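Please open the structure in a viewer and keep the selection panel at hand. The stops below are arranged so that each selection leads to the next.

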Amino acid sequence: MSAGPTLRTERLILRPWRRDDLEPFAALNADPRVAATLGGPQDRAFSDALAERIFAEFETAGYGRWAVELPGVAPFIGFIGLAAPSFKAHFTPAIEIGWRLAFDHWGKGYATEGARAALDFGFTKAGLAEIVSFTAKSNVKSRAVMERLGMHSDPKDDFNHVRLGPDHPLYHHVLYRLRREEWKPR
Ligand SMILES: CC(C)(COP(=O)(O)OP(=O)(O)OC[C@H]1O[C@@H](n2cnc3c(N)ncnc32)[C@H](O)[C@@H]1OP(=O)(O)O)[C@@H](O)C(=O)NCCC(=O)NCCS
């Protein structure tokens, strides 16, 4: 399905995708609790199309948004990884770190743990000078992950969603940045 390196952390495996991942990926994308910060639940076709884009990113960049496995517990709990934003903004071109986990696996530190491995790969293996992350201002859980990682925001970097109107709850976005020299692996 997707080529690419495998990263291991204390509790997680960040690995290339397999065909079996598409079903649990569609389930989490259809879950209103997961999708609330993403513009609403997505159907199977949308989910599969996103997975195809992720596979293509691995082919092009050699890294991407890894499938996350909890060894011995769950073969697929979501994705964590690196990608180039698909829209133009004041901070693009850039490489973004992002995450999306099944609801049952929130509140355990997995997003932060996996993201540390992805940041480390980005800075030490992929040679990136800076990694950004962004989300709706209201997405406090995602912002908390960014802050735990040591990423920092500046009001000058705030921006608005390119496809949503000013009345939409996800319109106002905040950008976080981390430069290679600021990265402190554990
Ligand atoms: C964003 C998202 C991945 C964050 O998940 P999360 O579980 O809050 O983040 P983490 O995995 O880092 O877990 C942190 C929490 O686990 C707790 N935790 C429990 N055990 C822990 C452990 N062993 N180590 C570290 N933290 C632990 C932390 O205290 C923290 O809890 P808190 O939120 O009550 O402060 C999740 O909400 C999600 O998938 N949302 C939908 C998709 C989305 O919005 N993606 C981002 C779009 S920009």
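**The ligand and its surroundings**

Begin at Asn 139, where an N or O atom of the side chain is 2.9 Å from an oxygen atom of the ligand. The model is a predicted one. Next, select Tyr 110: a backbone N or O atom of this residue lies 3.0 Å from an oxygen atom of the ligand. Then select Trp 99, which places a backbone N or O atom 2.9 Å from a nitrogen atom of the ligand.

How much of the ligand does the protein bury? Taken alone, the ligand exposes 960 Å², and the protein buries 68% of that area.

Now display the elements that give two or more residues to the shell around the ligand: strand S5 (96–101), H4, strand S6 (130–136) and helix H5 (140–148). Of these, H5 gives the most, with four residues. The ligand is surrounded by 21 residues, the closest being Thr 37, Trp 99, Gly 107, Ala 111 and Thr 112. If the shell is coloured by residue class, nine residues appear as nonpolar, seven as polar and five as charged.

**Helix H4**

Select residues 110–125, which form helix H4. Does this helix lie enclosed or open? Of its 16 residues, 13 are buried, so H4 is largely enclosed by the rest of the structure. Its length may be checked in the viewer: at 1.5 Å a residue, the 16 residues should span 22 Å, and the C-alpha atoms at the two ends are 22 Å apart, so expectation and model agree. Just after H4, select Gly 127, which takes a positive phi of about 70 degrees.

**Asn 29, Gln 42 and Arg 100**

Move to Asn 29, which is found in helix H1 (residues 22–29). Asn 29 counts as buried because its relative accessibility is 1%, and the cut-off for that class is under 20%. Show side chains here: that of Asn 29 makes a polar contact of 2.7 Å with the side chain of Arg 100. Apart from residues up to four places away in sequence, Asn 29 touches Ala 35, Pro 41, Gln 42, Ser 47 and Arg 100.

From that list, select Gln 42, whose place is in the loop between helix H2 (32–35) and helix H3 (44–61). Is Gln 42 buried or exposed? Its relative accessible area is 12%, and Gln 42 is therefore buried. The side chain of Gln 42 is joined to that of Arg 100 by a polar contact of 3.4 Å. Leaving aside neighbours within four places in sequence, the contacts of Gln 42 are Asn 29, Ala 30 and Arg 100. Arg 100 thus makes side-chain polar contacts with both Asn 29 and Gln 42.

**Two loops beside S5**

Select Pro 93, in the loop between strand S4 (74–83) and S5. Inspect the peptide bond that joins Thr 92 and Pro 93: this bond is cis, with omega at about 0 degrees.

Finally, select Phe 103, in the loop between S5 and H4. With a relative accessibility of 32%, Phe 103 counts as partly exposed. Neighbours within four places in sequence aside, Phe 103 is in contact with Asp 31, Arg 33 and Val 34. For a last distance, pick the C-alpha atoms of Phe 103 and Phe 55: they are separated by 23 Å, and the two residues are 48 residues apart along the chain.

Conventions: Residues numbered from 1 in each chain as written. Predicted model: local features only at pLDDT ≥ 70, side-chain atom pairs only at ≥ 80, totals over all residues. Heavy atoms only, no water. Buried < 20%, exposed > 50% of the residue type's maximum accessible area, 1.4 Å probe, protein only. Polar contact = N/O pair within 3.5 Å; in protein donor to acceptor, adjacent residues only side chain to side chain. Contact = heavy atoms within 4.5 Å. Expected span 1.5 Å × (residues − 1). Near = heavy atom within 4 Å. Areas by Shrake-Rupley, 256 points an atom, 1.4 Å probe, with all protein chains shown as cover. Nonpolar A, V, L, I, M, F, W, Y, C, P; charged D, E, K, R; others polar.
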